[in-house]
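Open the model in your viewer and keep the selection panel at hand. This tour goes stop by stop: select, look, move on.

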Amino acid sequence: MTLYKKNKLAKVLTATARHHKQVLRTLLLGTLFTEATWVNPALARAIAAPTKPAATKPAPATPAKPEIKAETKPASPPEVEAPTVTVSAERPSNRIDRQVYDVKSDVSSTNGSAADALNNVPSVNVDPDGTVSLRGSTKVQILIDGKPSAMLQGDNRAATLAAMPGNDIESVEVINNPGAQFGNEAGGGPIINLVMRRTRQPGGFGVINANGGSAGRYNTALSGSYHEGAWGIQGGVNFRHDGRNSVGDAVRDRIDGIGAATHNTQTSSAKGLNNSSGLNAALTYNLGAKDTLGANFSYTARNNDQQSEDHYLTFNKDNALFSDYVRTTQRKGDGTSYSWGARFDHKGDISGENLKLDLRVSSSENASVSNYANVYAVKPELMSDRYNLQDNRSNVKLVDFTGDYERPHDNGLVKLGYKIADNKSEFDTGYFDINPVSNARTVNTTRTNRYSLDEGNLALYGSYQLRLNEQWGVLAGLRTEYTHIDVRQLSANIGATNHYLSYIPSFFASYKLSDDTTLRFSYAHRIRRAGANELNPFVSYRDELNASSGNPGLKPTQTDSFELAYETRVDKLDVNLRAYYRKESDSIIYRRTFLKDGVLLTTPDNGGGSHTRGLEFTVSGKLTPKFSINTSGNLLLGEQTYINAAGQDVHRPSTSLSVRGRINYQITDDDHLQLSLNTQGRTVSGEGYRQPNSTANFSYRHNITKSLNLVVNVTDIFNSNKTETQVDTDILKESSIRRYDGRLIYVGFSYRFGGVTPGGNSRPPRG
């Protein structure tokens, strides 16, 4: 080889080595600063430091390409590049305090709702009524982008999840043991955080979905984004016409020997679809390299027109029929919700130092009018009116202002923050008896009430995350909350106040056994504050056999939760095992007593506690290039303690096994099949339990072109979805079952357009 060729080869090798070293340093930096769990500032600064030039004279440097310069920019904040566990069987990369599931790649997400997306997340279940449970517990807090919203509190939650397009969700974070940065609003306990889609790619693109379903159901959604220079905007609009018809049966026996009515039956049916629409927008502006301003807004509106019929039979203690009538109900309702927010993000002088200020305001208003008409075969003695009207109105407003600061320190990360929140709720119920001859209305004072709740919360928290060595990492935190509650019975002009101080510790540890295996431990103390309706002492009418009231003296439920996780990879499969233990004291349970013959009053109370332990598993991976699986299960052993009518402690043990499985098969490059099975085990709650339930869903996607997809979803293939409950106490035995229009078929199209950068260069739209 000539000297010229040798020198030329040396120059090429030197330049290549320098380039690879730069890329390696960039990748290491990205890993350190985007994986918030294991940030090591000292090591990061050492890697980031410029490489000292060699003693020999380097070859002339080749001008860096724009792509390489872009790679060496400071890494995005951790929340932008959060590691995920893809439900579609991609490799998991859990964080120290949560599991993250990527639902956007789910085949059914195109025309499904947020409730459908949650039903694809391990150990999460959303029943047809919109009740969300996690590991069998319904005491679940749902956040949007880490913040509470009035749209997901109380009775608004089910409607919001049913109306929100699943395609708007980037990922779902399951936080069974929340750390110090999370508050205790809307139920405390475990957290499900919906991370909404955000894109920062330059240029613009959009997606439009249109779907038609069985029995006149349909939905459509349009979303898009555009980013150029310092500005970025994205948003969308959606509309959905959907709902579930249902039929039900209930049998109730009073067994305390008191009163004339001892046996009741109720047969019911309900039908009617709901309309919901929404829009959302988010705007960001980079003030410079270190400061970013952001604003967001969302609005939803919904209405429903429902018809129902209930047939009541009541028998006395001699088994003689003394009440037989049919009640028909015409119910019209509408609701609106909005939220807006503004935030300021500042990057400090050292890598990893951040300050975030975030203001969120959300509100939800609901109104419904129900017209009742009774047709009597055997008229009960106390039923004097054939026609009635009930007018319900509610308003919830939540203001939430938070500040979060984090700063790397030696081999650790310090986080400090505060929260100022105010939650105002008002409920106005009017009930009228209508004269069948004159049509005159008379206020029924026993069923009319106006009530308000004002809950203020001030919180401070701090946490310290430390990398002890290459294997060990720990995170410890403490949150302090001061809560002030003001309850007002506006109808009677009486009120009550309560306030208390809570200390909420948490601790996490992780040990890396190998490159593929990690052990994790977590502990968190949480409190569950009662909701607005649970504090209202007024007796509210539900139907002719049921009434409910709150309890202003409720204390917060105290919860201690532990978890030990083992995460590994076995051949092509990712395997996670999680053993957990949860203990509750001052549990808020629901007692049932009789107001009069056959009318049952349900009231919350602090009584007893519960112990829950279990083992959760997930197994996911690609068995072949075209065939992948995702399975999960939860074996739960629990014991619920409550106090019966005689003041005695009653212990109710329960064993439950829930299993979920999904298989994905890629028939061709353009055709994908997905089949999911979900079996929920028996769930104990207070004085009763919910029976097991199973469903199966099917999805198919065909890529007509690179931009146009055809999607077919079939939910509840075997039409088996139902809610069956049992109550067994010393004064009551009750069994009820409600079946829904489970089997629904949706056929839709998804079209992606745009994907052109501001400079005019085409690029594929984001998939």
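Is Tyr325 buried or exposed? Select Tyr325: at 5% relative accessibility, this residue counts as buried. The cut-offs are under 20% relative accessible area for buried and over 50% for exposed, with partly exposed in between (1.4 Å probe, protein chains only).

**Ground rules**

This is a predicted model in which local features need pLDDT of at least 70 and side-chain atom pairs count only at pLDDT 80 or more, while totals for chains, interfaces and linings use all residues. Residues are numbered from 1 along each chain as its sequence is written, and side-chain values use heavy atoms, with hydrogens and water left out.

**Whole chain**

Colour by pLDDT, the predictor's confidence in each residue, from 0 to 100. The protein chain has a mean pLDDT of 80, and 82% of its residues reach 70 or more. Now select residues 1-92, where the pLDDT is below 50. Beyond near neighbours in sequence, this stretch has 113 contacts in the model; a contact means heavy atoms within 4.5 Å. Next, select residues 756-767: pLDDT stays under 50 there too. For these residues the model has 34 contacts beyond four places in sequence. Where pLDDT is low, the predicted coordinates should not be read in detail.

Switch to cartoon. The protein chain has six helices and 40 strands. These are DSSP runs, numbered from the N terminus: helices are H or I with at least four residues, strands are E with at least two. Of the 767 residues of the protein chain, 48% count as buried. Take the contacts between residues at least 6 apart in sequence: 65% of them join residues at least 24 apart.

**Aromatic pairs**

How many aromatic pairs does a search of the whole structure find? The search finds 13. Rings of Phe, Tyr and Trp (its six-membered ring) pair if their centres lie within 6.5 Å; planes under 30 degrees apart count as stacked, over 60 as edge-to-face and the rest as tilted.

Go back to Tyr325 and add Tyr376. Their pair is tilted, at 5.6 Å centre to centre with 50 degrees between the planes. Tyr325 lies in strand β15 and Tyr376 in strand β16 (residues 354-378), so the pair ties together parts that are 51 residues apart in sequence. Add Tyr312 as well: ring pairs link Tyr312, Tyr325 and Tyr376 into a cluster.

For a stacked pair, select Tyr751 and Phe753. The pair counts as stacked because the ring centres are 6.2 Å apart and the planes are at 20 degrees. Tyr751 is partly exposed at 39% relative accessibility, and Phe753 is partly exposed at 34%.

**Two strand residues**

Select Lys347, in strand β15 (residues 321-347). Lys347 counts as partly exposed, at 27% relative accessibility. Add Thr292: the two are 55 residues apart in sequence, yet 8.9 Å apart in space, C-alpha to C-alpha.

Then select Gln680, in strand β33 (residues 671-680). Gln680 counts as buried, at 18% relative accessibility. Which residues does Gln680 contact, leaving aside its neighbours within four places in sequence? Show Asn125, Leu657, Ser658, Arg660, Pro692 and Asn693.

**A cavity**

Rolling a probe the size of a water molecule over the atoms shows where empty space is left. On a 1 Å grid over the protein atoms alone, a cavity is a set of points where a 1.4 Å probe fits but cannot get out; lining residues have an atom within 4 Å of a point. Grid points are joined across faces, edges and corners, and a volume is the space filled by probe spheres set on the points.

The structure holds eleven cavities of 30 Å³ or more. Stop at the second largest, with about 100 Å³ of space. Of its 15 lining residues, select the closest to the centre: Ile96, Asp97, Gln99, Ser522 and Glu563. Strands β6 (169-175) and β23 (518-528) are the elements that give two or more residues to this lining. β23 gives the most, with three residues.

**Positive phi**

Finish in two loops. Asp145 lies between β5 (141-144) and α5 (156-163). Phi of Asp145 is near 55 degrees, a positive value in a residue other than glycine. Asp145 is partly exposed, at 27%.

Last, select Asn719, in the loop between β37 (708-715) and β38 (722-728). Phi of Asn719 is near 50 degrees, again a positive value in a residue other than glycine. Asn719 is partly exposed, with a relative accessible area of 36%.

Methods:
1 Å grid on protein atoms, 1.4 Å probe; cavity = no way out; pocket = protein on both sides within 12 Å on 5 of 7 lines; lining within 4 Å.
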